[in-house]
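Please have the sequence and the three-dimensional view open side by side while reading. The paragraphs below go through the structure part by part, and each can be checked against the view.

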Amino acid sequence: MADGLISTRALVEAMLREDATIDAGELYAVADALGMGDQQVRLAIKRLVTEGRFTVAGRGRGAVLTATDTTRAGIEPDRDHVVLAYAQDRGLAPWDGVWHLAGFAVPEAQREARGVLRESILALGGAPVQGGLYACAHAWEEELRSAADAIGARDYLTTLSTTDLDVGGVRGADAARRLWPLDELAAGHRRLADTASTALARASGAGHAERLALTVGLVAEFTRAHDSDPLLPPELLPQDWIGGRARALAEKSWAALAAAEPDSPLRLLRWFDAPLQPH
């Protein structure tokens, strides 16, 4: 079931309960459902403890892991990203037609800062238009300036916005198709839809460990599909775009898995409750 997507470290962090602890027995059971061996889990726990990310009380399957404050803060989902995705799906975040652009020219002597700035732009959904110029369909100026300030590159960053973006003679959805790898993004959402459909079909009849494994797999696939997704507005996407359908299936699957585990304190079952609520 794991299919190489879920690392043992990621599984350990996914098994965090509301009180910031992990039941080792439950962890080993879910790892087994995902096709992971006990030795893999033991080594992952040992590394995480050595790194100061968890403490451990007890031994083996009877142990209890407790996350440190740093660990708890670092594994929260990007709720703003999820909220925007579902708001767009529900027609609650119409596009204002404004393109946001950013350009930079960082000196060679600061090439490390240049790389960090480029990665920040891409992480915020930017697409390269041409040398040193990037476009985004959402406002990102505040985040970009903050990233530039953090590396001392604010003087080299230029931002602007326009409603008149022409990319090689094309505009609107045609420009978006040229700037972003829509086929690749669609493939990720099809994988998510398949994973969600499987989880939905098996949620009610699965055992406890398998349901938690299905939840871990669903969240991992959701994260993979959305990490590189710029969440382009529907106005810039093909009419039959798979992203919204995949998210709708994921929402139904989360609801079914959570309903089948009403007493589980696993945080993963509740992480997306707020973003998924209609507003």
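How many aromatic pairs does a search of the whole structure find? The model is a predicted one, and the search of it finds four such pairs. One of them joins Phe-104 and Tyr-134, whose rings are stacked, with 5.9 Å from centre to centre and 5° between the planes. Because Phe-104 belongs to strand 4 and Tyr-134 to strand 6, this pair ties together parts that lie 30 residues apart in sequence. Both Phe-104 and Tyr-134 are buried. Another pair is formed by Phe-222 and Trp-254, which are tilted with respect to each other, at 5.0 Å centre to centre and with 55° between the planes. Here Phe-222 comes from helix 10 (residues 208-227) and Trp-254 from helix 11 (residues 242-260), so this pair connects parts that are 32 residues apart in sequence. Buried means under 20% relative accessible area; Phe-222, with a relative accessible area of 4%, therefore counts as buried, and Trp-254, at 5% relative accessibility, counts as buried too. In addition, Trp-95, Trp-99 and Trp-180 form one aromatic cluster.

The stacked pair leads into a sheet. Four strands make up this open sheet, in the order 5-6-4-7 and with antiparallel pairing, and its edges are strand 5 and strand 7 (157-162), each of which pairs on one side only. From one strand to the next, the twist averages 30°. Strand 4 (residues 99-104) pairs with strand 6 (residues 133-136) in the antiparallel sense over four bridges. Within this pairing, Ala-102 has Tyr-134 as its bridge partner in strand 6, while His-100 has Cys-136 as its bridge partner in the same strand 6.

On the other side of the order, strand 5 (residues 127-130) pairs with strand 6 in the antiparallel sense over three bridges, and Tyr-134 of strand 6 stands opposite Pro-128. Tyr-134 thus appears in several settings: it is the bridge partner of Ala-102, it stands opposite Pro-128, and it is stacked with Phe-104. The hairpin of strand 5 and strand 6 has two residues between the strands, and in it Gly-132 takes a positive phi near 75°. Helix 6 (residues 111-123) lies across strand 4 and strand 6, and its direction runs at about 170° to strand 4.

A further sheet is found earlier in the sequence. Which strands form the edges of the sheet in which each edge strand pairs on one side only, as strand 1 does? This open sheet consists of three strands in the order 1-3-2, with antiparallel pairing, and its edge strands are strand 1 (21-23) and strand 2 (54-57). Neighbouring strands in this sheet are turned by 25° against each other on average, direction ignored. Strand 1 and strand 3 (residues 64-67) pair in the antiparallel sense over three bridges, with Thr-21 standing opposite Thr-66 of strand 3. Helix 2 (residues 24-33) packs on the sheet, where it touches strand 1 and strand 3, and its direction makes about 60° with that of strand 1.

The remaining part to follow is helical. Helix 9 (residues 182-202) has 21 residues and reaches 30 Å from its first C-alpha to its last, close to the 30 Å expected at 1.5 Å a residue. Which residues of helix 9 are buried? They are Leu-182, Leu-185, Ala-186, Gly-188, His-189, Leu-192, Ala-193, Ala-196 and Ala-199. Because these residues cover an arc of only 155° around the axis, they are placed on the same side of helix 9. The face turned away from that buried side carries the exposed residues Asp-183, Glu-184, Asp-194 and Ala-201. The cover over the buried residues of helix 9 includes helix 8 (172-179), helix 10 and helix 11.

His-189 shows this burial at the level of a single residue. It is found in helix 9, and with a relative accessible area of 0% it is buried. Leaving aside residues up to four places away in sequence, His-189 touches Ala-225, His-226, Asp-229, Trp-241, Ile-242, Gly-243, Ala-246 and Arg-247.

Definitions and conventions:
Residues numbered from 1 in each chain as written. Predicted model: local features only at pLDDT ≥ 70, side-chain atom pairs only at ≥ 80, totals over all residues. Heavy atoms only, no water. Pairing = 2+ DSSP bridges. Axes fitted to C-alpha atoms, helices over the stretch in contact; angles between N-to-C directions. Contact = heavy atoms within 4.5 Å. Buried < 20%, exposed > 50% of the residue type's maximum accessible area, 1.4 Å probe, protein only. Phe/Tyr/Trp six-rings, centres within 6.5 Å; stacked < 30°, edge-to-face > 60°. Expected span 1.5 Å × (residues − 1). Arc of directions from axis to C-beta.
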